[in-house]
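Trainee: Could we go through this structure together, one question at a time?
Mentor: Gladly! Let's open it up.

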Amino acid sequence: MKTPLRPRPRGWVAVGLTAFVFSLALVLAVADGARANPERWAADWPDTDFSKASVPFDEILSGGPPKDGIPAIDDPRFVAVAEAGNLAPAEPVIGLEIAGDARAYPLRVLTWHEIVNDTVGGTPVAVTYCPLCNAAIVFDRRVDGEATTFGTTGLLRHSDLVMYDRATESWWQQFLGEAIVGAHTGKRLELLPSRLESWENFAARFPDGKVLVPGDPGLRPYGANPYVGYDSAARPFLYDGSLPQGIAPLARVVAIGDEAWSLELLRREGRVESGDLVLTWTPGQASALDSRTIAGGREVGNVVVQRRGARGLVDVPYDVTFAFVFHAFRPEGVIRQ
């Protein structure tokens, strides 16, 4: 049986008996999620120190799949840009370049794995994507100077992926890069600059770069979107917190620290400057959370965020996420519209 999927908001993923079994399991998990606690988790997490936590346990819910039910990629396989013939120009990828080593991580793959443990330009990295938050974030995967790898817990907090490190099995909030349960509670991973961009843009920037491909192309329906229509839904999945005012919960925003700009504002203006930050929008990227195929998603465009400095404009970490996510994790933050 293939790894179970989380549901799309307009019905369950139609994959025969597997989907039916998962649908039933998910309903039961959601119904029981509010009562989750360390006693119930201990069997699957014997090495996690539940005496240390920075968030209430009742905020952490089952997303359906079990521990590692959505398998991280630990031995990523790449091909040259010129050899990647199955990517549409507008398909979204996470573009990462460190010390001249440029790699693209297509969301057609990350949607089904959520984490890639890799080493780029000599730096150990965790390339992560949470579909329910549209959060594409890259971290240096060293904790206290020691490299570790990350897996998926199968749990969510505020609808966001909860990861775990394999050294201590501490739990980490993907959106913040912060350990929230376990021995590393309170520690933060370093965010690394990357771009959520179209395949066409990445290939033009790095024609000699590499692109992630599935180790087993038949393992998942890569390129399909199991969250059809999610970014047009009225409410987010598995989230019961407060919602931001004056903006749709699933409207995209560009988040940098405690500030965010609505994608609609950036799309309208094309370029926004705030202090030494420069945000730009150009067309040509498809939504990964819209149609049945990622390549067929509606236009959402490309965002670049840079900071002015002595060397000119330099990329900085940012996240094109949903308004409810920014509000949940940055409740005192400001969304500019």
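**Salt bridges, a sheet and a cavity**

Mentor: A search of the whole structure finds 19 salt bridges, a salt bridge being a side-chain nitrogen of Lys or Arg within 4 Å of a carboxyl oxygen of Asp or Glu. This is a predicted model, where local features need pLDDT of at least 70 and side-chain atom pairs count only at pLDDT 80 or more, while totals for chains, interfaces and linings use all residues. Residues are numbered from 1 along each chain as its sequence is written, and side-chain values use heavy atoms, with hydrogens and water left out.

Trainee: Which residue forms a salt bridge with arginine 108?

Mentor: Side chains of opposite charge can pair when their charged atoms come close. Here the closest N and O atoms are 2.9 Å apart, and the partner of arginine 108 is glutamate 91.

Trainee: How many residues apart are arginine 108 and glutamate 91?

Mentor: Arginine 108 sits in helix H3 (residues 107–110), and glutamate 91 in the loop between strand S2 (77–80) and strand S3 (92–98). Helices (H or I, at least four residues) and strands (E, at least two) are DSSP runs, numbered from the N terminus. The pair links distant parts of the chain, and the separation is 17 residues.

Trainee: Is aspartate 140 buried or exposed?

Mentor: Aspartate 140 forms a salt bridge with arginine 142, their closest N and O atoms being 2.6 Å apart. Buried means under 20% relative accessible area, exposed over 50%, and partly exposed in between (1.4 Å probe, protein chains only). Arginine 142, at 38% relative accessibility, counts as partly exposed. Aspartate 140 has 5% relative accessibility, so it counts as buried.

Trainee: Which strands stand at the edges of the open sheet of 4 strands?

Mentor: The order is S23-S17-S18-S24, with mixed pairing; two strands pair if DSSP finds at least two bridges between them. The edge strands each have a single partner strand, so one side of each is left without a neighbour in the sheet: they are S23 (319–322) and S24 (334–336).

Trainee: How many bridges join strand S17 to strand S18?

Mentor: Strand S17 covers residues 252–256 and strand S18 residues 259–262, and the two run antiparallel. One bridge pair is isoleucine 256 with glutamate 259 in S18. The number of bridges joining the strands is 4.

Trainee: Which residues are linked with Arg252 in a network of salt bridges?

Mentor: Arg252 belongs to a network with two aspartates and another arginine. Those partners are Asp231, Asp290 and Arg298.
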